[in-house]
Amino acid sequence: MLVVWPHRQPVNRGNKKSCPTGFIPFQEAVLNSCQSFCKKDDHNKENLFNSINYDVAAKKRKKDLLNNKAKTQYFHQEKWIYVHKGSTKERHGYCTLGEAFNRLDFSSAILDSRRFNYVVRLLELIAKSQLTSLSGIAQKNYMNILEKVVQKVLEDQQNIRLIRELLQTLYTSLCTLVQRVGKSVLVGNINMWVHRMESILHWQQQLNNIQITRPAFKGTTLTDLPLCLQLNIMQRLSDGRDLVSLGQVAPDLQVLSEDRLLWKKLCQYHFTDRQIRKRLILSDKGQLDWKKMYFKLIRCYPRKEQYGDTLQLCRHCHILSWKGTDHPCTANNPETCSTSLSPQEFINLFRF
């Protein structure tokens with residue numbers, strides 16, 4: 001294409017006054033246009049830079065707010081998690097113990113008396129060996145749930161010994177991990193974990209200072225019932241330490257708590273015949289001392305666990321959830337596909 005430039009007067013470069021008014025040389029016009037474009041480009045870059053700084057500052061404020069509010073818990077809308085079948089890259093990235101701990105809403109579970117012991121046992125197993133496998137958010141959620149458990153026990157004055165043992169287990173594990181600083185995988189500053197250990201000591205002190213108040217109710221008590229009913233109630237206790245504590249309430253209960261048949265049934269409930277035969281103890285009268293055998297057996301073998309409600313794994317769609325929680329299952333009858341998991345089986349799902 002042929003471009004015809006408009007006629008212009010000769011330009012005297014040494015004297016700009018020779019140019020007509022409002023008319024500048026072509027080269028100078030191009031130069032001015034370039035300078036204007038550069039200034040505009042610099043202005044756009046500056047706006048872009050300011051925008052990026054603003055976004056970074058906003059994200060930093062949001063992160064700082066989350067870190068400062070340690071009691072703020074991260075929730076997921078779905079109350080279930082898909083458990084992959086094999087050891088894949090997706091499983092290692094998204095199907096972890098920490099992710100399951102975040103998704104399965106343990107904060108609400110501790111308020112349900114059927115799930116309370118299950119959650120406490122799970123917290124204890126994590127404290128023993130799985131604490132370092134949790135992500136930073138999962139570790140924060142763990143401590144928040146633990147605090148809610150302690151507060152519930154302080155209010156209800158129930159399960160005190162159970163939570164004391166949990167706190168002692170966690171404190172012992174943290175002492176070991178903190179001493180190995182630089183080698184452990186605890187997420188966060190060491191001072192934060194020292195502060196959490198101080199919180200655990202404070203909770204232990206609160207539990208030790210609990211004064212159980214006797215109810216003002218003056219109706220029928222356990223000791224007013226017939227002996228056969230008292231014994232029947234004691235047979236429903238699954239922990240021998242509860243039997244010992246109950247026997248310290250009244251002299252009549254002390255006699256019942258020493259019943260040989262009571263301790264025999266307790267041993268047979270928790271342990272197999274083979275385990276019992278390996279730990280036989282005879283009394284001075286030449287009879288089997290079932291009470292001493294029980295306490296020796298619990299030091300050698302795990303007790304049988306029983307829970308009112310547990311986590312369940314759907315064999316059809318491999319989704320893990322609490323019983324009664326809706327999940328996207330394509331089976332015709334999802335209830336028949338569910339399998340209850342013990343706390344240890346739950347943790348074993350994420351070992352790969």
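This is a short walk through one protein chain, its small set of strands and its cysteines.

Keep in mind that the model is predicted. The overall numbers come first. The protein chain has 352 residues, and 32% of them count as buried. Its secondary structure comes to 15 helices and four strands. The accessible surface is about 23300 Å², with 53% of that belonging to carbon and sulfur atoms. Now contacts. Take those between residues at least 6 apart in sequence: 64% of them join residues at least 24 apart.

On to the sheet. How are the four strands ordered? The order is S1-S3-S2-S4, the sheet is open, and the pairing is antiparallel. Strand S1, residues 80–82, and strand S4, residues 338–341, stand at the edges. Each has a single partner strand, so one side of each is left without a neighbour in the sheet. From one strand to the next, the twist averages 25 degrees.

Let me go through the pairs. S1 and S3 are joined by three bridges, and S3 covers residues 319–322. In that pair, Trp 80 stands opposite Ser 321. S2 and S3 also run antiparallel, again with three bridges. S2 and S4 pair over four bridges, in the antiparallel sense.

Leu 311 is a handy marker here. In S3 it faces Trp 322. In S4, Leu 341 stands opposite Leu 311.

Which way do the S2 side chains point? In a regular strand, side chains alternate between the two faces of the sheet. In S2, residues 311–314, Leu 311 and Leu 313 point one way. Gln 312 and Cys 314 point the other way. All of these are buried.

Next, the turn. The hairpin of S2 and S3 has four residues between the strands. His 318 in this hairpin takes a positive phi near 60 degrees.

Last topic, cysteines. How many disulfides does a search of the whole structure find? Zero. Cys 317 is in no disulfide, and the nearest cysteine sulfur, that of Cys 314, is 3.4 Å away. The cut-off for a disulfide is sulfur atoms within 2.5 Å, so that pair does not count.

Is Cys 317 buried or exposed? Cys 317 is buried, because its relative accessible area is 11% and the cut-off for buried is under 20%. Cys 300 is another case. Its relative accessibility is 38%, so Cys 300 counts as partly exposed.

That is the tour; over to you.

Note on methods: Residues are numbered from 1 along each chain as its sequence is written. This is a predicted model: local features need pLDDT of at least 70, side-chain atom pairs count only at pLDDT 80 or more; totals for chains, interfaces and linings use all residues. Side-chain values use heavy atoms; hydrogens and water are left out. Two strands pair if DSSP finds at least two bridges between them. Helices (H or I, at least four residues) and strands (E, at least two) are DSSP runs, numbered from the N terminus. Axes are lines fitted to C-alpha atoms, for helices over the stretch in contact, and angles run from 0 to 180 degrees between N-to-C directions. Buried means under 20% relative accessible area, exposed over 50%, partly exposed in between (1.4 Å probe, protein chains only). Contact means heavy atoms within 4.5 Å. Accessible areas come from the Shrake-Rupley method with a 1.4 Å probe; for residues, only the protein chains shown count as cover.
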